[in-house]
Amino acid sequence: MQVQSNFSLRHLNTFGLDADARFFVNVTSVEELTEILLDPVWQASPKFVLGGGSNILLTQDVEALVIHPDIKGISIVKEDEEGVILQVGAGENWHQFVMYCVEHGYGGVENLSLIPGTVGAAPMQNIGAYGVEIRSVIVSVEAVSIDNAQKRIFSNAECEFGYRESIFKKALKDKYIITGATFRLNKKPVLNIGYGDVQKTLQEMNAATPTIKDVSEAIIKIRQSKLPDPAEIGNAGSFFKNPEIPVAQFEKLRSAYPEIPGYPVSSEMVKVPAGWLIEKAGWKGYREGAIGVHARQALVLVNYGGGVGKDIKALSEKVQNSVEAQFGIRLHAEVNFI
Ligand code: EPU
């Protein structure tokens, strides 16, 4: 384990932005992590945890010790006819973990195929797609306190999961480093294929009685058709959260825009797709030099190469202001600004 200085984070963020970490260390075990956290040399330094870098916007250099949890391993904790409990290191690539489950016939995460990032970062924002959130398969999350290197296991309930939220983004923000997670997967899964696009794609694939693998393949097809591949075009997936508005406000908007999509989340609130609002406000496919709004999914801001984090932030504010002016809805970023 070696601490490096002025380390470029360009290959460690999916926006592909060029920013430096003042100090950087890759940790491959809980022991290494404990050692660095308790090292008197680094005790007083500000610390920043960088997982897969798939949900951050680097607007400046990071004046901290950047810790990159690279703890690997997938192990079976328990297995029976019904299912399996797996413990997975935080540094495992999320999609590769999903592929491992799909290949072994372990159901529960197939709808979360192709989401960029690491296993350790996934619970932070309760990743979700096509009707499934990671909260539905998490047994517990293992973490280490940044202040004193104490280990703690958070039960699913203690993670306080919400829509793109968890305790690690709220009350315990910047307090813990996730070192691994334990998942319960099902060998006789109930597939979640209610989402319109998923049904349609499975039909096109002629999968009348779909398997876990079929669902995963369908999700991969859908994502590849809409979302830019960060290896080709820098991006961090959805830039904003889908806003929830009161029913009365939604009805008022619907009288002006009869085609506005909305999904009830309670008897009082309706969730509106931010992508629709941004497209309607005229931003879809907008380009400003090296950065822009993706042409196939307006919720995704992109760096075509050579873009600067500050400019993406400025563009996101323009989008926010224009959506608010037109619809009276303030969008909130899903990505974390550094
Ligand atoms: N829409 C538009 N224009 C656009 C984009 C979307 O009109 O440019 C409309 C669509 O027509 C559709 C609705 O918005 O009626 C929903 O679109 P989509 O199914 O693409 O999903 P989303 O709400 O835009 C959310 C997640 C995605 C996730 C998909 C699928 C959030 C912030 N985003 O997007 O998650 O993959 O649903 O479940 O909740 C991510 O978090 O990075 C991410 C990609």
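**View A. Between domain 1 and domain 3 there are five residue pairs in polar contact, counting pairs with both residues at pLDDT 80 or more.** Keep in mind, here and in every other view, that this is a predicted model. The chain splits into domain 1 (4-69), domain 2 (74-186) and domain 3 (234-337), and this close-up looks at where the two outer stretches of sequence meet. How many salt bridges go with those polar contacts? The count between domain 1 and domain 3 is zero. On the domain 1 side, 10 residues are in contact, and they meet 17 residues of domain 3. The centres of the two domains, taken over C-alpha atoms, are 30 Å apart. Together, domain 1 and domain 3 bury about 1100 Å², with 55% of that area on carbon and sulfur atoms. Which three residues supply the most of what domain 1 buries here? Phe15, Asn55 and Leu57 do, with 58% of the area that domain 1 buries against domain 3.

**View B. Five strands make up an open, antiparallel sheet.** Reading across, the order is β6-β7-β12-β10-β11. The strands at the edges, each pairing on one side only, are β6 (74-79) and β11 (151-155). Going from one strand to the next, the twist averages 20 degrees. As a reminder, strands of a sheet pair through backbone hydrogen bonds, either parallel or antiparallel.

**View C. Here we zoom in on β7 and its two neighbours, β6 and β12.** On one side, β7 (residues 83-89) runs antiparallel to β12 (residues 176-186), and seven bridges join the two. To find the register, pick out Ile85: its bridge partner in β12 is Arg184. On the other side, β6 and β7 are joined by five bridges, again running antiparallel. What sits opposite Ile76 in β7? Its bridge partner there is Leu86. The link between β6 and β7 is a hairpin, and three residues carry the chain through it.

**View D. Gly108 sits in a loop and touches residues from elsewhere in the sequence.** The loop in question runs between α3 (94-104) and β8 (128-129). Leaving aside residues up to four places away in sequence, what does Gly108 touch? Its contacts are Val132, Val137 and Leu185. Lys187 makes a handy landmark too: Gly108 and Lys187 are 79 residues apart in sequence, yet their C-alpha atoms are 9.0 Å apart in space.

**View E. A four-stranded open sheet has helix α8 lying across three of its strands, β17, β18 and β19.** The strands come in the order β13-β19-β18-β17, with antiparallel pairing. At the edges are β13 (234-235) and β17 (287-288), each of which pairs on one side only. Look next at β18 (residues 291-293) and β19 (residues 301-303), which pair in the antiparallel sense over three bridges. Within that pair, Gly292 stands opposite Val302 in β19. Where does the helix fit in? Helix α8 (residues 309-327) lies across β17, β18 and β19, and runs at about 30 degrees to β18.

**View F. Glu160 and Asn206 both have a positive phi.** Most residues other than glycine have a negative phi. That makes a useful backdrop for this pair of loop close-ups. For Glu160, phi is near 50 degrees. Where along the chain is Glu160 found? Glu160 is in the loop between β11 and β12. For Asn206, phi is near 60 degrees, another positive value in a residue other than glycine. This one belongs to the loop between α4 (196-204) and α5 (212-226).

Conventions:
Residues numbered from 1 in each chain as written. Predicted model: local features only at pLDDT ≥ 70, side-chain atom pairs only at ≥ 80, totals over all residues. Heavy atoms only, no water. Pairing = 2+ DSSP bridges. Axes fitted to C-alpha atoms, helices over the stretch in contact; angles between N-to-C directions. Domains from an automatic or database assignment. Contact = heavy atoms within 4.5 Å. Buried area = accessible area lost by both parts, 1.4 Å probe. Salt bridge = Lys/Arg side-chain N within 4 Å of Asp/Glu carboxyl O. Polar contact = N/O pair within 3.5 Å; in protein donor to acceptor, adjacent residues only side chain to side chain.
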